[in-house]
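Let's take a walk through the enclosed spaces of this protein. Have the viewer open and follow along.

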Amino acid sequence: MASVSNGKDAFDTRRELMAAGRSWSIHDLTRLDSEHLPYSLKILLESLLRAQAHEQVQALLGWSADATPDAAVDLYPGRLFLHDTNGVPTLVDLAGMRDAVADLGLDPALVNPMIPAQLVADHSVIAEAFARPDARQLNVQIEYRRNRERYRFLKWGQAALPDFVVVPPGTGIMHQVNIEYLAQVVVDAGEWAYPDVCLGTDSHTTMVNGLGVLGWGIGGIEGEAVLLGQPLSLPLPPVVGFRLEGELPPGSTSTDLVLTVTQMLRRHGVVGKFVEFVGPGVSGLTVADRATIANMGPEYGSTAAMFAIDDETLRYLRMTGRSAGHVDLVERYAKEQGLWFEPDSPVRYSENITLDLSTVEASLAGPRRPQDRVALSSSQNAFATEVGGQRHRSTIVLNQEEHEIEDGAVAIAAITSCTNTSNPSVMVAAGLLARNAVQRGLSSKPWVKTTLSPGSRVVMDYYAAAGLTGDLEKLGFHLTGFGCMTCIGASGPLIPEVTAAAHEGVRVVSVLSGNRNFEGRINPDVPLNYLASPPLVVAYALAGTMDRDLTTEPLGTGSDGEPVYLRDIWPTEAEVQQVIGASLDADMFTDAYASVFDGGAEWQALPAEASTTFDWDPDSSYVRRPPHLDGFTEQPRPVGDIHGARVLVKLGDSVTTDHISPAGAIPTSTVAGRYLAGLGNKPSEFNTYASRRGNHEVMVRGTFANVRLRNELVAPTVGGVTKCFARDGEVLPVYEAALAYQAQGTPLVVLAGKEYGSGSSRDWAAKGPALLGVRAVLAQSFERIHRSNLIGMGILPLEFRPGQNAQTLGLSGEEEFDVLGLEPLGRGVRPEHVTVRAGSHTFEMIVRLDTPREVDYYRQGGIMPYVLRSMLARQ
């Protein structure tokens, strides 16, 4: 934290807390009128007390469940959390800032982290080898061969930047490592104790909310600012109370619960709000269940998804190897600060929702959005409606046997993602279902790519202890790696014959235990993607098709010639809990994390450069000096109106950051692919967009290059092309069109619908458009993180007034646009509305700069120049 009080402040809240035989100083929240505040806001309050932000403390104490908050507060996080694919561009930007400082004749070491930063390398391993005993070893070898340059850069960052540590590849998925090891819940800072507040540059940082830690995802650009000592500014949020009652019925899992919650909250609307889970049903959920629900906060749109500390939190901390003294500190602090969960708490919430857990049923979500839940019993009908009556079929030959596959064939069945692999209940259920299937003589269909990529080494330890590893492997679920893999689109290629069938028109599907299924995300050849619990992933590998009702039709024929149904092999809750009790213990976590920062031989063999500035390789295709501060001036340029802008792309609703900046494999036919080929890279060396985020030349060419992008300027064509009015309406790749506009000095805008920028916290979804020349995005609504990222790159987010959108205003996207009334922003004054002229249309739009700090960021041209000027001013 940037500033901690060392004595009595204006609120006189300092006192001593005794726990585990010693004392700490704390800011006593019970001395203030804070009983009415939700748990998450009490943690915000404590942060403001330590920062001595007295006016903001008063504003927070005035929060009311009955009123719409109108104040903004600054949050000073205790730590920043990153992964490798957004950590690399963060480090690239910090190294670029050091260069900019050196160019001004100052000490580049002025650019230094002000709070601890932890990076987990988990996003780069790809599920290429699978269904073989050495799959993980082969994938690790490929990972290091492809990403050696990036990993060396991470080691430079660890050597050059104080308080920056790296958890090497192969350890686990960042959010699972966070809850199992890194999170303290209550920080022991020597003299002081205070809540663990963790902001991360991955949207699923909310997973740690399940452990009672307040944290959420922010953009990578915001992450750089908080790392360099800037607070995170946010409007005081409404807080939604989500009351859980009853118990989950037999056959329903935490995955089914979170898909139900996601559907409910998306319908309710919680973007920009906190959600707290309360009620008697909470006590029956394990921390692993809670973490599953909190993990998918971005999918239902909330900023945070909080479960407060209780006895189950303490049990989890003990089980994962935290010390008895620290667990005692967490308990004493929570109970004495009003942060201990009470099922019948008198806290009032802005809005209230209730779910009876007994109504949760086995479910899937898909085929394109996490909130599109469908009951397992209705999934076949929903699929049939999706693909229509005309089916595509193809005959393929695998192992010298012919198989006819058609629309709905399962091409990928992946047990993946921290969302579910962090939960022993669903993982053991998957293993037991596999055992039962093997005993009945079932096997996975040969066209299914089966992968197992857990988020922690502990999973494989309890699988081994329970004797379940072999059963999973008999169905093809061999360990492929400890990383995000299929969940983030690093699924690797399909079985070649299945790829050929997909190219012939067969609409194949994936079933994964992940959190996202956006178009083009999982695999470019898989148009339909479904989220499901790990045992259902195994079941669909056995069935081999989505076009089957697993509640009434058999999965296959057993070795005895009889049909085998899902109900025949589904394990009971008692069986699952018996295996967990006999196979999982705290020593597994202690052993798994004993050398968490050491890495394997491959990591240790990488050289670590300790120079103050980074020695850029001009021939590198992975790490290039960033252009964001090119032409930096110590004073910001005047803010002016936008004149004569053209629409780069015109988009509909629910456009995700994957649509804007894809993360998966780089096709050879794309502009980015041609660029890499021009550097001498073979297609097998292209790697993914996610792995290339340290090279702006690749990423700007990949902007709006998703193969599933629907740009209304070129409808019905799908993909990364647009109509270029600088070339008389010629249809060009988006990157080439932007270059043509830049050559004419024409500014660009984006037209979009609702929920623009949903999904990942991807900073390149803002950096890319900025480098293409986009000056403003005109949308019906924005997702929180992406809106912040746009501001961080100097792009103005403008929102249509209620009831208006591009269609109601008659905008074709072929008009020239003027945005008028921006001059006050240059004086730090936010106009509520600006006037937009588009051809013959004139209308007002809402300026979505929601806090004074956001106005400052925009006025300065973005966060990086703002932070750099602030640092120079202090000198």
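Which element supplies the largest share of the lining of the second largest cavity? Keep in mind as you look that this is a predicted model. The answer is H28, which puts 3 residues into that lining. Helix H28 covers 784-792, and strand E10 (214-217) joins it in giving at least two residues to the lining of this cavity.

Now for the rest of that second largest cavity, whose volume comes to about 140 Å³. Its lining counts 16 residues, and if you go looking for the ones closest to the centre, you'll land on Pro 298, Gly 759, Glu 783, Arg 784 and Ile 785. Sort the lining by class and you get 11 polar residues, along with 3 nonpolar and 2 charged ones.

Zoom out for a moment: the structure has 10 cavities of 30 Å³ or more. The largest of them is about 230 Å³ in volume. Here 25 residues make up the lining, and His 83, His 123, Asp 202, Ile 488 and Arg 521 are the ones nearest the centre.

Which helices should you click on around this largest cavity? Try H3, spanning 84-103, and H5, spanning 174-182; each of them provides at least two of the lining residues. As for chemistry, the lining of the largest cavity splits into 11 polar, 8 nonpolar and 6 charged residues. Asp 202 and Arg 521, both on the list of residues nearest the centre, are good places to start browsing.

Definitions and conventions
Residues are numbered from 1 along each chain as its sequence is written. This is a predicted model: local features need pLDDT of at least 70, side-chain atom pairs count only at pLDDT 80 or more; totals for chains, interfaces and linings use all residues. Side-chain values use heavy atoms; hydrogens and water are left out. On a 1 Å grid over the protein atoms alone, a cavity is a set of points where a 1.4 Å probe fits but cannot get out, and a pocket is an open set with protein on both sides within 12 Å along at least five of seven lines; lining residues have an atom within 4 Å of a point. Grid points are joined across faces, edges and corners, and a volume is the space filled by probe spheres set on the points. Helices (H or I, at least four residues) and strands (E, at least two) are DSSP runs, numbered from the N terminus. Ala, Val, Leu, Ile, Met, Phe, Trp, Tyr, Cys and Pro count as nonpolar, Asp, Glu, Lys and Arg as charged, and the others, Gly among them, as polar.
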